[in-house]
Structures are given as structure tokens and as C-alpha cells.
Amino acid sequence: MDPQAELRIANALAANKLKESAKRDKFNAKQLAVIERKKEKEGDEMAVTLKNIESREASEKELKARLEYAQEIRKERRQKIIDERAHKEQFYGTRTTPSCA
């Protein structure tokens with residue numbers, strides 16, 4: 001084989017290797033960028049999920065407090081009615097009807 005042909009082939013192979021390594025490096029860089037964006041997106045989703053959980057817990061806490069307040073009001077009203085009845089019974093005893101004899 002001609003030494004010039006071998007040299008051309010060697011140069012072509014070296015150039016091809018450089019092109020392939022450049023393509024590989026570019027591809028790897030893209031893959032790393034994709035992985036980084038995915039991690040950022042997961043972090044953002046995690047933050048949103050955490051905010052949702054916190055707001056849900058706050059809502060549940062507020063609801064529980066409102067329910068407890070409503071229960072307390074019902075207890076107070078019930079006790080007030082019981083106290084009023086007891087007070088009335090002190091002054092107004094049960095009336096008996098006179099017997100017809």
C-alpha cells in the first residue's frame with residue numbers, strides 16, 4: 001500500500017475519532033443538563049407538595065378549632081337552658097290540680 005494512502009487513511013481515522021468524541025461529549029453534556037433539569041423540577045414539585053401539605057394541615061387545624069368552638073357554644077347554651085329550668089323550678093313548683101271530691 002502506498003505510504004501517502006496510509007497517511008490519508010490515518011488522518012481520516014483521527015479526524016473521525018475527533019468528530020465522534022465531540023459528538024459523544026456534546027451528547028453527554030445534554031444528558032447531564034437533562035438530569036439537572038429533572039432534579040430541579042423534582043425539587044420544585046417537592047416544594048409545591050410540601051406547601052400543599054402545610055396548607056392542608058393549617059386548614060385542618062383551623063377546622064378543628066372551629067368545631068371545638070362550636071361544641072363549646074352548644075355546651076354553654078345547653079347549660080344555660082338547664083340552669084334556667086332549675087331556677088324556674090325553685091320558684092314555680094309543679095302545679096297540682098285539686099281533686100274533685
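## A single helix and its surface

At 41% relative accessibility, Ile 9 counts as partly exposed, because that class lies between the buried limit of under 20% and the exposed limit of over 50%. The model in which Ile 9 is seen is a predicted one. Ile 9 belongs to helix H1, which covers residues 3-91. On the surface, Ile 9 joins Met 1 and Leu 13 in a nonpolar patch. Together, these three residues offer about 350 Å² of accessible area.

The wider setting of this patch is the fold of the chain. The protein chain holds one helix and zero strands. Along the principal axes, its C-alpha atoms fill a box of roughly 150 × 25 × 5 Å. The radius of gyration gives a second view of these dimensions: the protein chain has 44 Å, whereas a compact globule of 101 residues would have a value near 13 Å.

Burial and surface composition come next. Of the 101 residues of the protein chain, 1% count as buried. The chain exposes about 10400 Å², and carbon and sulfur atoms supply 56% of that area.

Pairs of residues within the chain show how sequence separation translates into distance. Lys 38 is located in helix H1. From the C-alpha atom of Lys 38 to that of Asn 16, 22 residues apart along the chain, the separation is 33 Å. Lys 38 is classed as exposed because its relative accessible area is 53%, the cut-off for that class being over 50%. Glu 42 is likewise found in helix H1. Glu 42 and Leu 32 lie 10 residues apart in sequence, and their C-alpha atoms are 15 Å apart in space.

Glu 42 also leads to the charged surface. A patch of negative charge is formed there by Glu 36, Glu 40, Glu 42, Asp 44 and Glu 45. Two members of this patch fall into separate accessibility classes, as their values show. Glu 42 has 43% relative accessibility and therefore counts as partly exposed. Asp 44, with a relative accessible area of 52%, is therefore exposed. Asp 44 has its place in helix H1.

The charges of the chain as a whole complete the description. The protein chain carries 24 positive and 19 negative charges. The mean position of the positive charges and that of the negative charges are 4 Å apart. Alongside this overall arrangement, the surface presents the negative patch that includes Glu 42 and Asp 44, as well as the nonpolar patch of Met 1, Ile 9 and Leu 13.

Notes
Residues numbered from 1 in each chain as written. Predicted model: local features only at pLDDT ≥ 70, side-chain atom pairs only at ≥ 80, totals over all residues. Heavy atoms only, no water. Helix = DSSP H or I, 4+ residues; strand = E, 2+ residues; numbered from the N terminus. Rg over C-alpha atoms; globule rule 2.2 N^0.38 Å. Buried < 20%, exposed > 50% of the residue type's maximum accessible area, 1.4 Å probe, protein only. Areas by Shrake-Rupley, 256 points an atom, 1.4 Å probe, with all protein chains shown as cover. Lys, Arg positive; Asp, Glu negative; His and termini not counted. Charge placed at Lys NZ, Arg CZ, Asp CG, Glu CD. Patch = residues over 30% accessible without salt bridge, like charges linked within 9 Å, V, L, I, M, F, W, Y side chains within 5 Å. Salt bridge = Lys/Arg side-chain N within 4 Å of Asp/Glu carboxyl O.
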